[in-house]
Amino acid sequence: MLVVRNLNTYYGAVHVIKNLSLHVDKGEIVAILGANGAGKSTLMNTIAGLVSPRDGEILADGVNIKGLSPGEIISMGIALVPEGNTLFYGLSVRENLALGLAHRSLRITPSVRSMLDEALEIFPSLAGKRNVSAGSLSGGEQQMLSIARALVSRPRILLLDELSMGLAPNTTALIFSRIAEINKSMDTSILIVEQNARLALDISSRGYIMETGKVIFKGSSADLRDNPEILRSYLGGAGGKDALP
Ligand SMILES: Nc1ncnc2c1ncn2[C@@H]1O[C@H](COP(=O)(O)OP(=O)(O)OP(=O)(O)O)[C@@H](O)[C@H]1O
Ligand SMILES: [Mg+2]
């Protein structure tokens, strides 16, 4: 469904993604793990068209999407929830959601309005706050809104970059259970970057471990989870060294 082959991305002269290949099959949740600076966000942003790769292939259902604009890539069924907060604080929940459709330059007709409302169904706590400004939501609600904004375009592939950052453990658990639900009920394939290795490996079926722009390990999530050496050597912080018995 999503195939990345021999991808190379540079920032100026700095080679950040180095000949990287990965794939996500239909219905899968696939994790990408790796230390700070490994290039995880650069990879996600390259797939989403926000950063241009120098060479390599990115295919969605066999169609080349490399070189398309971010809006065209959303139209191809691939949506990104970027790292960090990218909401517009001064705009309402509904207005932020509408930006998930901005690539189609739609007017807010009743049918568009119902698409926006549908994206909120997975997060009932947001449904009552459609007209509230995004800046007045809690950190967890803001992350839920970022996910809902990506869902508005009804993606076949969802790219999630560090959803748990800065959130309390119980909020993170709630969001991850919703991600599993989205994967099942909406038949959405998911590529998820996460610092908390255990969390990511619990929800995914396969994983890739990145170091300095390369995939250094890949395998089933069960195998990666049971390999303390991999976790200890390559993943610091939560889920890595500190979380091991
Ligand atoms: N816009 C940019 N311009 C130049 N260099 C960048 C840019 N964004 C990231 N980098 C560099 O590219 C490398 C990879 O960064 P990236 O953000 O992809 O890593 P990451 O794995 O997502 O890290 P983190 O876990 O901290 O989010 C880092 O060395 C970073 O400093
Ligand atoms: Mg990152």
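Here a trainee and a mentor talk through a predicted model, going from its ligand shell to its sheets and a few backbone oddities.

Trainee: Let's start with the ligand. Which element gives the most to the shell around ligand 1?
Mentor: The shell includes Y11, V14, V16, G34, N36 and E83, along with the run G37, A38, G39, K40, S41 and T42. Two elements, β2 (14–24) and α1 (40–47), each supply at least two of the shell residues. With three residues, the top contributor is α1.

Trainee: And how many residues of that shell are charged?
Mentor: Look through the shell and you'll find K40 and E83 among its members. The shell splits into four nonpolar residues and six polar ones, and the charged ones number two.

Trainee: Is α1 mostly covered or mostly open?
Mentor: Go along the helix: K40, S41, T42 and L43 are buried, and so are M44, N45, T46 and I47. That makes eight of its eight residues buried, so to speak of α1 in one word, take covered.

Trainee: What comes just after α1, and what phi does that residue take?
Mentor: The helix spans residues 40–47. Just after it sits G49, with a positive phi of about 85 degrees.

Trainee: On to the sheets. In the sheet with four strands, which strands stand at the edges?
Mentor: The order is β2-β1-β4-β5, in an open sheet with antiparallel pairing. An edge strand has a single partner, so one side of it is left without a neighbour in the sheet; here those strands are β2 and β5 (63–64).

Trainee: Which residue of β2 is the bridge partner of V3?
Mentor: Strand β1 (residues 2–11) is joined to β2 by seven bridges, and the two run antiparallel. Within that pairing, the β2 partner of V3 is H23.

Trainee: What angle does α1 make with β2?
Mentor: The helix packs on this sheet, where it touches β1, β2 and β4 (55–60). Its direction and that of β2 make an angle of about 65 degrees.

Trainee: Now the sheet with six strands. Which strands are at its edges?
Mentor: Its order is β6-β7-β8-β3-β9-β10, again open, but with mixed pairing. The ones with a single partner strand, and so with one side lacking a neighbour in the sheet, are β6 and β10 (214–220).

Trainee: By how much are neighbouring strands turned against each other there?
Mentor: Take the sheet with its six strands in mixed pairing. Ignoring direction, the average turn between neighbouring strands is 15 degrees.

Trainee: Why is β7 described as largely enclosed by the rest of the structure?
Mentor: Check both faces: I157, L159 and D161 are buried on one side, and L158 and L160 are buried on the other. The strand covers residues 157–161, and it counts as largely enclosed because the buried residues are five of the five.

Trainee: Which residue of β8 is the bridge partner of L159?
Mentor: L159 has L80 opposite it on the side of β6 (residues 78–81), a strand that pairs with β7 in the parallel sense over four bridges. Five bridges join β7 to β8 (residues 189–193), also running parallel. The β8 partner of L159 is L191.

Trainee: What handedness does the crossover from β7 to β8 have?
Mentor: The chain leaves β7, passes through helix α7 (residues 169–185) and arrives at β8. This β-α-β crossover is right-handed.

Trainee: Which residue stands opposite L191 on the β3 side?
Mentor: Strand β3 (residues 29–34) pairs with β8 in the parallel sense over four bridges. Opposite L191 stands V30.

Trainee: And what angle does α6 make with β6?
Mentor: Helix α6 (residues 139–151) packs on this sheet and touches β6 and β7. The angle between its direction and that of β6 is about 170 degrees.

Trainee: Last one: N6 has a positive phi, so is N6 buried or exposed?
Mentor: Most residues other than glycine have a negative phi. N6 lies in strand β1, and its phi is about 50 degrees although it is not a glycine. A residue with 12 or fewer other C-beta atoms within 10 Å counts as exposed. N6 has 12, so the word is exposed.

How values were computed. Residues are numbered from 1 along each chain as its sequence is written. Chains are lettered from A and ligands numbered from 1 in the order in which they are written. This is a predicted model: local features need pLDDT of at least 70, side-chain atom pairs count only at pLDDT 80 or more; totals for chains, interfaces and linings use all residues. A residue is near a molecule or strand if its C-beta atom, placed from the backbone, lies within 6 Å of it. Ala, Val, Leu, Ile, Met, Phe, Trp, Tyr, Cys and Pro count as nonpolar, Asp, Glu, Lys and Arg as charged, and the others, Gly among them, as polar. Two strands pair if DSSP finds at least two bridges between them. Two residues are in contact if their C-beta atoms, placed from the backbone, lie within 7 Å. Axes are lines fitted to C-alpha atoms, for helices over the stretch in contact, and angles run from 0 to 180 degrees between N-to-C directions. A residue is buried if 20 or more other C-beta atoms lie within 10 Å of its own, exposed if 12 or fewer, and partly exposed in between; C-beta atoms are placed from the backbone. A crossover is right-handed if, with the strands pointing away from the viewer, the path from the first strand over the helix to the second runs clockwise.
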